[in-house]
Amino acid sequence: MITVEALTKTYGAYTAVDDVSFTAEPGRVTGFLGPNGAGKTTTMRMMVGLTQPTSGRTLIGGHAYADIPNPGRHVGVLLDASAQHAGRSGREVLSLGAKVMGLPSSRVDEMLALVSLTDTEAKRKIRNYSLGMRQRLGIAHALLGDPQVLILDEPANGLDPAGIRWMRGLLKGFADRGGTVLLSSHLLHEVEIIADEMVVIGQGRIVARGTRETLTAGSQGGSQTMSEDNDRLAAALRAQGVQVDPAGAGLQVAAEPAVIGRAALEAGVVLTDLRATSVNLEDLFLELTSDTQREAPGAPASQPADQGASA
Amino acid sequence: MSHAAPAAPLAIDVSATARVPFTRLVGVEWRKMTDTRAGFWLMLITGLLLVAAIGITELVVQLNDLGIGFNGWVQVMITPLTLLLPVFPIIAVTSEWGQRTSLVTFTLEPHRLRVLLAKLVAVVLFAVGVIVVSVGLAAIANVVNAGIDGTSPEWNLPAATLTWIIVQLLCYFLMAFGLATVTLSSPGGIAFFYVVALLLPLVVYSILLALLSWAPDVIPYIDMNYSMAPYLAAENDPTVMFLEKKPLAVVTSILLWVVLPFVIGFRRVLTSEPK
């Protein structure tokens, strides 16, 4: 279990992380979501003592990270999969980690098998690894000491969809065995796939937290419908004070399906399609973090999806 | 936290876990020096240079029918060491920043002072090993050379002088380590080292010593080369005749170039944010 208490980090006048508090519970995968530069990485670095917080603290299983003896045996950390010596092989990196933690070399083979790095791949220098392979190696390194807690910064970055699904299975299994997982991402769909809970950060502040359901619960839902006479149905709904907008061949209605069904029945219009439009989590995410986005949503992307160098 | 699964305790019991033993950290740092191509080539070049130094000297000595004695052989072996040995501690420290492995290193051992000390022990063990091998090779060369000549080997190096040679070598070695922690960059650390260890004494101080009457009273206090030169020079060596033995100068030059870089550099490593 990870408890983050009022973590704050300022660099001169700039506040990178502003009074961030949340918990990541055992048995759950907690997603730490926010646009690049929102403070995810700085928060995670403060959790493991790489960055000294200006104020606040983090307890991992009730301990400050620096007080955990042989921390690799309790907390698996992946902060930057590319932060490895380019001239070492993947196997050598894991062997060094195993040596520090006091693990047998058989553990290295187990981890390589777990993340599906073949023997030849493991012997290659890391400079020849793709980002996806580095991520797999980083996950293997984090899991090496059989920890109870995982802290992973952008672990899905560079993984293909199959890789992301693989990671979901891996992390779900870890959580089901009682482990605590905190993973960050700037991509909503990754977190949506992998995480049970979400903590959304924007501009250094927590802007929302909860499960997918609780995050969308408070937002206005609506329905999409099509009928044999859209004009008549729209008029009937507007007469009740419901907002109706044309949407393609159908209508977008700011009301539950039951309201529309009843109106259609009373007006004698045959419905050909009717469904509730769930609130798009993507819209919610963009809305929550809109002040902090580097580019306005919908603006032409000036650069391809970046490498997730969130700070 | 009432809904946490019973099988998943909120607190982690760390009482059964021992901290990473210091010897293990030293072992890991040793391995990190040798498991990259840079480390491998550096060691190979050092070894080859030592062999080349012996070979070339043997050739010159035999062709010219010279007798250089143990003192000569040790000087021959030490010269490549003063040039190459300090690169090892610099690379050992700065590669963690250049390759950003400090992120992992300081995550697995958050007590950074232990990591730094483990690195220091590993590179000093390495330096001592290389020095022992070099002095041993010098002794063997001395005996072999005398055997070829049919004379008895000349042991013309007092133990005190040999000790000073090794002390100076280690001081420069430690300076390299300190400057590496100050710069945290391989090119920066190496450049800084050679400016202080070679360029200043050979180019700047030597001229000042020749031109300014007060220079011999000042420069030994700020330079380890000149402060220790009177101690490790052979008797009546003309190059250091105008320098007297000044114990205080030895202390101040070491304070300036070993202790001060250690203090500044260690502070920097302990407080920096590895990116």
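These are my notebook entries on a predicted model with chains A and B.

**Entry 1: the two chains overall**

I began with the inventory of elements, and for chain A I counted 11 helices and 13 strands, whereas chain B holds 11 helices and zero strands. Read from the N terminus, the elements of chain B therefore give nothing but α after α, since the run is α-α-α-α-α-α-α-α-α-α-α and every helix is a DSSP run.

I then looked up the extents along the principal axes: the C-alpha atoms of chain A fill a box of roughly 75 × 45 × 40 Å, and the C-alpha trace of chain B spans about 90 × 50 × 30 Å. For burial I noted that 46% of the 311 residues in chain A are buried, while 37% of the 275 residues of chain B count as buried.

For contacts between residues at least 6 apart in sequence, I found that 77% of those in chain B join residues at least 24 apart; in chain A, residues 24 or more positions apart account for 72% of the contacts with a separation of 6 or more.

**Entry 2: domains of chain A**

I looked up how chain A is divided, and the assignment gives domain 1 as 2–216 and domain 2 as 220–277. Taken over C-alpha atoms, the centres of these two domains of chain A are separated by 46 Å.

**Entry 3: β1 of chain A and its partners**

I followed strand β1 (residues 2–11) of chain A to its neighbours and found five bridges to strand β4 (residues 55–60) of chain A, in an antiparallel arrangement. On its pairing with β2 (residues 14–24) of chain A, I counted seven bridges, again with the strands running antiparallel. I2(A) takes part in both pairings, for it stands opposite I60(A) in β4(A) and has A24(A) as its bridge partner in β2(A). The hairpin of β1(A) and β2(A) has two residues between the strands, and there I noted that G12(A) takes a positive phi near 60°.

**Entry 4: the six-stranded sheet of chain A**

I traced an open sheet of six strands in the order β5-β6-β7-β3-β8-β9 (chain A), and its pairing is mixed. The edges are held by β5 (75–78) and β9 (205–211) of chain A, each with a single partner strand, so one side of each has no neighbour in the sheet. On average, and with direction ignored, neighbouring strands of this sheet are turned by 15° against each other.

At the β5(A) edge I looked up the pairing with strand β6 (residues 149–152) of chain A, which is parallel and extends over four bridges; V75(A) has V149(A) as its bridge partner in β6(A). Helix α5 (residues 131–143) of chain A lies across these two strands, β5 and β6 of chain A, and runs at about 160° to β5(A).

**Entry 5: the four-stranded sheet of chain A**

I next traced an open sheet of four strands, ordered β11-β12-β10-β13 (chain A), with antiparallel pairing. Here β11 (244–247) and β13 (271–277) of chain A stand at the edges, and because each has a single partner strand, one side of each is left without a neighbour in the sheet. Neighbouring strands of this sheet are turned by 25° against each other on average, direction ignored.

Four bridges join β11(A) to strand β12 (residues 250–253) of chain A, and P246(A) has L251(A) as its bridge partner in β12(A). Helix α9 (residues 230–239) of chain A packs on the sheet, where it touches β10 (222–227), β11 and β12 of chain A, with its direction at about 15° to that of β12(A). Helix α10 (residues 257–267) of chain A lies across β10, β12 and β13 of chain A and runs at about 160° to β13(A).

**Entry 6: helix α11 of chain B**

I checked the span of helix α11 (residues 247–271) of chain B: at 1.5 Å a residue its 25 residues should span 36 Å, and the end C-alpha atoms are 35 Å apart, which agrees. I also recorded that α11(B) bends by about 40° at L255(B).

Which residues of α11(B) are buried? I found A249(B), V250(B), S253(B), W257(B), V258(B), P261(B), G265(B) and V269(B). What covers the buried residues of α11(B) includes α6 (112–149), α7 (159–183), α8 (186–211), α9 (215–222) and α10 (224–232) of chain B. For reading such a list I kept in mind that an α-helix has 3.6 residues a turn, so residues three or four places apart point the same way.

Terms used. Residues numbered from 1 in each chain as written. Chains lettered and ligands numbered in written order. Predicted model: local features only at pLDDT ≥ 70, side-chain atom pairs only at ≥ 80, totals over all residues. Domains from an automatic or database assignment. Expected span 1.5 Å × (residues − 1). Bend = angle between axes of the 7 residues up to and from the residue. Buried ≥ 20, exposed ≤ 12 C-beta atoms within 10 Å, placed from the backbone. Contact = placed C-beta atoms within 7 Å. Pairing = 2+ DSSP bridges. Axes fitted to C-alpha atoms, helices over the stretch in contact; angles between N-to-C directions.
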